[in-house]
Amino acid sequence: MAATPEQTKPTTQPVTHDEWLAAYGATPERDAEFISLSGEEVAPLYTAADVNDAPDHIGLPGAFPYTRGVYPSMYRGRLWTMRQFAGFGTAEETNERFHYLLDHGQTGLSTAFDMPSLMGHDSDSPMSLGEVGREGVAVDTLDDMQDLFKGIDLGEVSVSMTINAPAAIMMAFYVVAAERQGIAPENLAGTIQADILKEYIAQKEWCFPIDPAMRLMGDMVEWCTHTMPRWHPVSISGYHIREAGATAQQELAFTLKDGLTYVQQAVDRGLDVDAFAPRLSFFFNAQIDFFEEIAKYRAARRIWARELRDTFGAKNPKSLLMRFHTQTAGVSLTAQQPLNNITRTAIEALAGVLGGTQSLHTNSYDEALALPTEEAVRIALRTQQVIAHETGVTSTIDPLGGSYYVESLTDRMEEAAYDYFRRIDELGGMVEAVKQNFCQREIADASYELQGRIDHGERIVVGVNKYTEGDDHQTAILRIDPALERKQVGRVQAVRAKRESSEVQRALTALKTAAVDEGENLMPHLLDAARVHASEGEIIHALQEVFGSYTETPVF
């Protein structure tokens, strides 16, 4: 008969960290189960011996190195923005969802675009067939952007737009739509993602080769720096890197290195780092490995503050603040037993809050099956509201600060990020690393290893590879009417029929001429094209005549 835990205890109580590990820590049967989502072994106990005890290493909220939060009062002063991602069908349908969300207590709008819009295709392109309005809203022209925000004061609401390769074009549509409301660019608040390196690494939505795509993003950042002081012109996104299968360490390292590359690009253009850095923002994933995620956010703030101060010489304290949006992990949602996803999302959202996020999107439980229904969206929003108002976690700032485990994890996250920075620098920087498929290969390996652990039952996914009984719940899903695609195709063709074609050709010709000159900022030309109702696809095609297109080298 096996000895009981009581029978295996030593006769004298361990008094040091090492003695405790010697007495209790060596249990071979624990190895397979006590592994983090990133594949890191989790020790059975953490003590002061595992924590860097330098006086300024942890610090205070609102003070360098911002490990404990970017603002002194954090959620005691102001709750995070509850920003639910929305978009489907045509602009009118999404506009109705926006009004619904605002009426139910949402405090910011976050726009999901459909696949053709993300790839730079008009809705009537053969490449768009079957995809129009399926994964987000179709926006082809200025007219669609105006309908998308009809009845919404763009001077009052903060808007986030998740689009990357054609971000500068959507930015132009948005600015002109606001003009038509009588709102000047300097009064617009919000964020556009525009993180182009992440596309080549993970999300795979591109329109141009890497170098001209970087130029176009840089033009938008530069223009916004001079013109839109309340706007965040790039949201440096680890979310999609993580969704592609990256570990928490890879998400942290690749995201920060992307961001530091954009800072260097802007500085190389002659911009003062303090003129634009305060308006850079980040977008992170909240995965299910609770403490690992919290440590990731804390390490991210510390690294960013140090690099902006010490590497780029930022003097404005606001330049050092890593403000970030968090979205719960789409890849953690399961089609099996989908109501379990409510629990997963709540845990992930809590990690984002305890990690100090500035805004949060909670996924809906049915998103592994289809776009979310209104009921599922309401539950997702209520999840945030329960965390905010019922749990008490907002009563004190960084309640996990000083935890031996969390601080040790934060230190390890930081070390892993700097190790990746070194390897990327050896390849010639982030742009070269992406061209050489370094990041893509690292993510592919990590994803393969994790799936192997799931397939072999070493990583339990409830309702998928264990506890699978009772999987008979029928979930009502949102179905997109195929007629919406025909409707959107008719809309874009109607715009072409009523506009002044000669003005469109003039604007597109001027855009191509400007694109040839690498020293000319393209944003004024994109605004001109938007004002004469040129479509997104027409603008993309004009630029591709100068920039060319891109074909990926697959990585296995």
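1. A word on terms before we start: a residue counts as buried when its relative accessible area is under 20%. Please also keep in mind that this is a predicted model.

2. With that cut-off, helix H23 has a good share to show: Glu536, Gly537, Glu538, Ile539, Ile540, Ala542, Leu543 and Phe547 are buried. The helix covers residues 536–547, and its 16 Å from first to last C-alpha is close to the 16 Å expected. Just past its end, Gly548 adopts a positive phi of about 85 degrees.

3. What do the buried residues of H23 pack against? Their partners are the helices H6 (115–119), H8 (167–180), H10 (210–227), H20 (483–498), H21 (501–516) and H22 (523–531).

4. On to the second largest pocket, which holds about 1,200 Å³ of space. Among its 44 lining residues, Leu37, Ile288, Arg459, Ile460 and Val461 are the closest to the centre. Helices H11, H14, H15 and H19 each supply at least two lining residues, and H19 gives the largest share, with 7. By type, the lining divides into 21 nonpolar, 14 polar and 9 charged residues.

5. Asn465 deserves a look too. Asn465 sits in the loop between H19 and H20 and touches Ile454, Gly457, Arg459 and Ile460. The Asn465 side chain reaches the backbone oxygen of Arg459 at 2.9 Å and the backbone nitrogen of Val461 at 2.8 Å. Arg459 and Val461 are both listed among the residues closest to the pocket centre.

6. Is Asn465 buried, exposed or partly exposed? Asn465 is partly exposed, because its relative accessible area is 28%, and partly exposed lies between under 20% and over 50%.

Technical notes: Residues numbered from 1 in each chain as written. Predicted model: local features only at pLDDT ≥ 70, side-chain atom pairs only at ≥ 80, totals over all residues. Heavy atoms only, no water. Helix = DSSP H or I, 4+ residues; strand = E, 2+ residues; numbered from the N terminus. Expected span 1.5 Å × (residues − 1). Buried < 20%, exposed > 50% of the residue type's maximum accessible area, 1.4 Å probe, protein only. Contact = heavy atoms within 4.5 Å. 1 Å grid on protein atoms, 1.4 Å probe; cavity = no way out; pocket = protein on both sides within 12 Å on 5 of 7 lines; lining within 4 Å. Points joined across faces, edges and corners; volume = space filled by probe spheres on them. Nonpolar A, V, L, I, M, F, W, Y, C, P; charged D, E, K, R; others polar. Polar contact = N/O pair within 3.5 Å; in protein donor to acceptor, adjacent residues only side chain to side chain. Lists of a residue's contacts leave out its neighbours within four places in sequence.
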